[in-house]
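Dear colleague,

I am passing on a structure for you to look through at your own pace. Below it you will find some notes on what turned up, written so that they can be followed next to the model.

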Amino acid sequence: MSSLYGVREYSRIAEIRGPLLIVEGVRKVSYDEIVEVELSDGSRRRGRVLDVSSNIAVVQVFEGTTGITTTGTKVRFLGRALELPVSEDMLGRIFNGLGELIDGGPEIVAGEKYDINGSPINPAIRAYPEDFIQTGISAIDGMNTLVRGQKLPIFSGSGLPHNRLAVQIARQASVKGQNEEFAVIFAAIGIKYDDYIFFKKFFEETGALNRVAMFVNLADEPAMIRLVTPRVALTLAEYLAYEVGMHILVILTDMTNYAEALREISAAREEVPGRQGYPGYMYSDLASIYERAGRVHGKEGSITQIPILTMPNDDITHPIPDLTGYITEGQIVLSRDLYNKGIYPPINVLMSLSRLMKEGIGKGKTREDHSQVSDQLYAAYSRGVELRSLAAVIGEESLNVNDRKFLKFADLFEKKFLKQGIRENRDVETTLDIAWELFAELPEEELTNIKEETIKKYHPKYRAII
Amino acid sequence: MKVRGRIKRISGPLVIADNMAGVQMYEMVRVGEERLIGEVTRIKGDTAYLQVYESTTGLKPGDPVEGTGSPLSVELGPGLLGNIYDGVQRPLSSIIDYLNKIGSSRSIFIERGVDVSPLSRDKKWYFTPSALNTGDSVSSGDVIGVVQETGLIAHKVLLPPGMQGKVSWIAPEGSYSIVDPIAEIKVNGEVKEVYMMQRWPVRTPRPYRLKLEPSEPLITGIRIIDTLFPMAKGGTGMIPGGFGTGKTVTLHGLAQWSSANVIIYIGCGERGNEMTEVLERFPTYKDPWSGKPLMERTVLIANTSNMPVAAREASIYVGVTIAEYYRDMGYDVLLVADSTSRWAEALREIAGRLEEMPAEEGYPSYLASRLAEFYERAGRVKAYGSPERIGSVTLVGAVSPPGGDFTEPVTTHTRRFARVFWALDTSLAYRRHYPAINWISSYSAYVDTVSDWWSKNVDPEWKSYREEIMGILVRENELQEIVRLIGVESLDEKDKLILDVARMIKDGFLKQNAFDPVDAFSTPKKQFELMKLIIDYYRDATKKVEGGTPASRVKELLGRLYVDIVKARFSVPNEKLEMIYKLKKEALKAISSA
Ligand SMILES: Nc1ncnc2c1ncn2[C@@H]1O[C@H](COP(=O)(O)OP(=O)(O)O)[C@@H](O)[C@H]1O
Ligand SMILES: Nc1ncnc2c1ncn2[C@@H]1O[C@H](COP(=O)(O)OP(=O)(O)O)[C@@H](O)[C@H]1O
Ligand SMILES: [Mg+2]
Ligand SMILES: [Mg+2]
């Protein structure tokens with residue numbers, strides 16, 4: 001913040017509207033400045049300035065305005081933007097959604113303070129992510145590879161096992177040839193207590209708790225804080241990655257709750273609503289969170305982001321998944337159909353994508369046949385799925401022999417490749433070998449995505465001869 | 001007299017300032033103590049509405065606002081190529097150096113209020129004057145001299161638009177910086193200095209003598225584009241598609257392979273890593289036409305999605321102005337913008353904060369006219385000045401429709417102005433059919449324009465083969481409708497053959513892996529030969545089927561050669577086309593016994 005005016009206190013509240021206070025008679029208040037509201041009973045809340053003109057400030061109160069009165073309330077402008085004091089000692093600790101300790105443990109010696117909004121990373125200093133992260137999950141490693149510094153969200157639906165998948169990734173994620181584990185920063189954004197306990201237990205059981213910092217805003221806590229929680233978490237992540245040099249995995253769940261809080265504040269400000277009431281600036285706003293991932297030249301660490309969101313009505317064209325997909329580097333889409341068929345992880349690979357996969361795989365990283373295998377899996381499985389719907393109309397017996405093989409391939413793919421145990425950690429070679437076993441079920445001349453010499457080297461038929 | 005006012009109100013990127021009487025519409029202003037860059041977007045009495053190109057956090061009512069007296073402009077001169085700029089032409093690499101130099105601990109970030117010139121004032125360029133003598137008359141657009149800007153581009157130093165007079169001095173051959181005068185021109189008795197650098201306001205198109213019809217294809221090496229939906233030098237195109245359908249990969253491909261001299265790549269509201277990818281790769285990738293590093297012909301403009309939204313609106317104009325500048329030197333320039341939807345959304349956000357009456361979906365009513373103005377800046381032109389030069393600006397914009405729905409305003413309006421429409425299809429992308437350009441709904445208005453070129457330079461039969469391949473694809477699309485209802489078996493044999501050949505076309509011609517070293521770029525000749533291979537096979541196979549052989553039997557006879565045909569796109573390099581001729585001979589022979 002450019003210049004500090006110190007703390008100024010005002011008490012003329014002209015209007016209270018939703019989470020907003022309209023304060024009159026203010027002077028020298030700056031945009032985005034942080035505010036402390038003291039109620040007549042002495043209790044305190046936090047807020048920030050959303051709009052300011054010569055003598056009026058619009059203040060968003062994080063904890064909500066319930067109980068606030070126009071008289072007897074003091075509004076203090078603190079002369080700075082919302083900041084988080086950061087330190088390495090924050091790992092292993094639990095904070096509320098505003099970044100305050102809530103685990104009852106000892107105070108942390110406060111380090112330097114950072115503006116939680118961060119600043120955009122200069123694209124000229126980014127380093128393109130290309131280190132393969134093995135998650136041990138075939139659908140991800142084989143077909144939607146995650147790399148260090150990527151932002152890869154999970155698009156889920158209510159009731160689908162996204163939490164389980166997220167913890168499986170957190171537990172198994174490793175980078176070949178490096179035994180340094182990820183430190184995890186976990187931001188709970190308006191999630192249910194059960195879900196929170198699920199994550200907490202998991203971190204405790206795996207003994208990972210001392211490498212995890214949790215920022216927790218639960219469903220019954222004030223919605224406005226949700227706008228702050230991911231930013232607080234990412235501020236710590238940036239410090240640890242770019243100043244301390246650690247590799248950080250950030251899990252943000254559930255971004256749908258975040259977007260709903262954004263819609264609420266937009267409505268309170270009486271802004272022109274965009275699609276389904278979400279504000280027109282939601283794209284840029286989400287980007288200011290998701291783009292806080294990556295690697296940069298000259299710094300050791302990295303930030304890998306796994307945001308989780310639940311698609312309202314399982315609809316991928318809903319503004320929340322839609323805008324997210326336009327920003328993130330791919331998406332892992334969970335499918336209710338597969339889940340109902342008893343397949344875990346129920347990943348719809350056709351709708352899933354990892355945009356950074358190509359740089360993370362291949363000779364020296366995973367295996368030389370990886371990209372061809374992935375292309376062929378996509379080609380064959382999508383053909384099988386298409387034939388499945390055709391067969392549903394005209395009957396399987398009307399399909400020719402070849403087509404029936406693809407139909408069978410699709411089933412085998414789901415049962416053998418996709419499906420795996422919650423604790424099953426497949427290395428990438430195993431994943432690729434399973435794919436080759438499936439290819440052996442198809443006529444060889446249908447493997448049009450794979451080069452001749454690759455077939456000769458990896459196809460079980462030729463391997464068996466050697 | 002510079003206008004000095006005071007901030008009255010701040011709301012996101014919009015700042016309202018008082019006491020601004022005398023400020024011009026679109027004048028560039030400096031806002032606050034940190035002198036952030038802004039632009040006037042509306043004037044009411046002595047109140048000015050400013051869009052600010054940096055984060056407004058911390059600005060306060062009462063802070064100063066200062067006019068600069070001129071509209072938002074770019075610096076044009078040697079040093080643009082190979083550089084990366086933000087949306088208002090701040091040099092992003094130099095900003096890092098600058099922050100390091102002043103000892104900032106946050107040099108990986110873009111901090112506010114950093115003021116670094118777009119073009120280096122220190123760097124010396126070797127200037128070779130044109131054959132001009134004292135007393136010669138010169139007018140705007142005349143080439144004063146040349147600087148070898150990169151290994152690829154000879155930068156012509158042009159007399160700025162509007163300048164005319166007699167040469168009173170011209171610098172001898174030698175090294176000069178862009179702020180050293182390289183000539184003096186006497187204009188109406190007054191002597192004016194000429195530099196290698198000039199400024200131009202971004203919202204004003206640069207003038208040219210004459211607009212010409214596009215006539216040559218812009219070859220991209222992407223088969224479905226060059227063969228089915230071609231682009232012309234000086235043309236306009238759009239590439240709409242939902243997320244993950246391949247807009248960015250296609251635009252990277254165009255930037256990488258196109259037969260243009262200069263590329264302007266605008267990352268407008270998209271990912272930081274996509275700019276990084278270009279920055280890291282292009283210096284090592286070779287231009288397929290010249291063998292020189294691609295970065296030597298490229299200028300990057302980056303306003304990534306997390307950078308200030310107002311600068312997103314400006315970035316498009318900054319890019320197109322630089323494009324016009326190289327066009328005026330006589331170069332073929334390709335500008336790609338990823339994505340124009342983010343530009344339109346920035347327009348909407350600013351309009352919303354100005355409380356303007358929204359038209360469709362919250363966009364301001366002038367969305368269509370802004371799009372029209374932008375695409376109108378494309379074209380093949382005869383430039384002002386001598387020697388005579390013809391240059392072109394080709395504009396291609398990605399469009400990102402919400403939910404992948406092409407009926408939304410940005411897509412529908414852009415369709416009115418862009419003459420090539422490469423429609424990306426989510427269902428093709430899900431199947432990993434890349435590029436996921438839908439061959440039924442896409443179109444190009446330049447097919448006839450470029451067919452002369454193909455017939456002269458590649459093969460006289462290009463057009464008829466192209467029509468045949470389109471015909472098969474269109475027919476297959478109809479047949480698929482029928483198949484979905486009653487299955488394949490009920491089709492007659494000729495139609496079954498069409499299904500088989502259409503699959504061959506899709507797998508062996510339309511699909512093109514942008515990351516496969518052989519497949520990624522097809523020369524025009526290879527494109528033609530692959531097409532001919534499949535169509536010649538189809539013609540022979542049709543005769544067999546007409547003679548009573550079932551389509552399935554023809555395919556059986558072709559046997560493993562089918563695989564060789566569809567793999568030819570990545571197994572046959574551009575310089576080994578005889579492999580295709582051999583393959584064709586074998587294929588025709590294999591089915592001849594039917
Ligand atoms: N201010 C805005 N910002 C962002 N998107 C908007 C805005 N206004 C409208 N939209 C978009 O417009 C769509 C339709 O809006 P709506 O008001 O229903 O228009 P109409 O009634 O003309 O169809 C929404 O789904 C959304 O995409
Ligand atoms: N021509 C192509 N060849 C290979 N892969 C492609 C091609 N086009 C797109 N892809 C794949 O699709 C992904 C998404 O493409 P991208 O251009 O980033 O989509 P968009 O910009 O439309 O969101 C890429 O990461 C890549 O994996
Ligand atoms: Mg893109
Ligand atoms: Mg409507």
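**Ligand 2 and its surroundings**

The shell around ligand 2 is made up of seven nonpolar, seven polar and two charged residues, where Ala, Val, Leu, Ile, Met, Phe, Trp, Tyr, Cys and Pro count as nonpolar, Asp, Glu, Lys and Arg as charged, and the others, Gly among them, as polar. Please keep in mind that this is a predicted model, in which local features need pLDDT of at least 70 and side-chain atom pairs count only at pLDDT 80 or more, while totals for chains, interfaces and linings use all residues. Residues are numbered from 1 along each chain as its sequence is written, chains are lettered from A and ligands numbered from 1 in the order in which they are written, and side-chain values use heavy atoms, with hydrogens and water left out.

Ligand 2 lies between chains A and B, and 16 residues surround it (each with a heavy atom within 4 Å), the closest being A:R355, B:G244, B:K247, B:T248 and B:V249. Helix α3 of chain B, residues 247-257, gives the most to this shell, with three residues; helices here are DSSP runs of H or I with at least four residues, and strands are runs of E with at least two, numbered from the N terminus. An oxygen atom of ligand 2 is 2.7 Å from a polar backbone atom of B:G244, and a backbone N or O atom of B:V249 also lies 2.7 Å from an oxygen atom of the ligand. A nitrogen atom of ligand 2, in turn, is 2.9 Å from a backbone N or O atom of B:A514. Of the 560 Å² of accessible area that ligand 2 has on its own, the protein covers 91% (areas by the Shrake-Rupley method with a 1.4 Å probe).

**Ligand 1**

Ligand 1 likewise lies between chains A and B, and the residues around it are A:V272, A:P273, A:G274, A:R275, A:G280, B:R348, B:E361 and B:G362. A nitrogen atom of ligand 1 is 2.8 Å from an N or O atom in the side chain of B:R348, and a backbone N or O atom of B:E361 lies 3.1 Å from a nitrogen atom of the ligand. Here the protein covers 53% of the 560 Å² that ligand 1 has on its own.

**A sheet in chain B**

Four strands of chain B form an open antiparallel sheet in the order β12-β11-β9-β14, where two strands pair if DSSP finds at least two bridges between them. Strands β12 (154-158) and β14 (174-176) stand at the edges with a single partner each, so one side of each is left without a neighbour in the sheet.

With best wishes

Methods. Polar contact = N/O pair within 3.5 Å; in protein donor to acceptor, adjacent residues only side chain to side chain.
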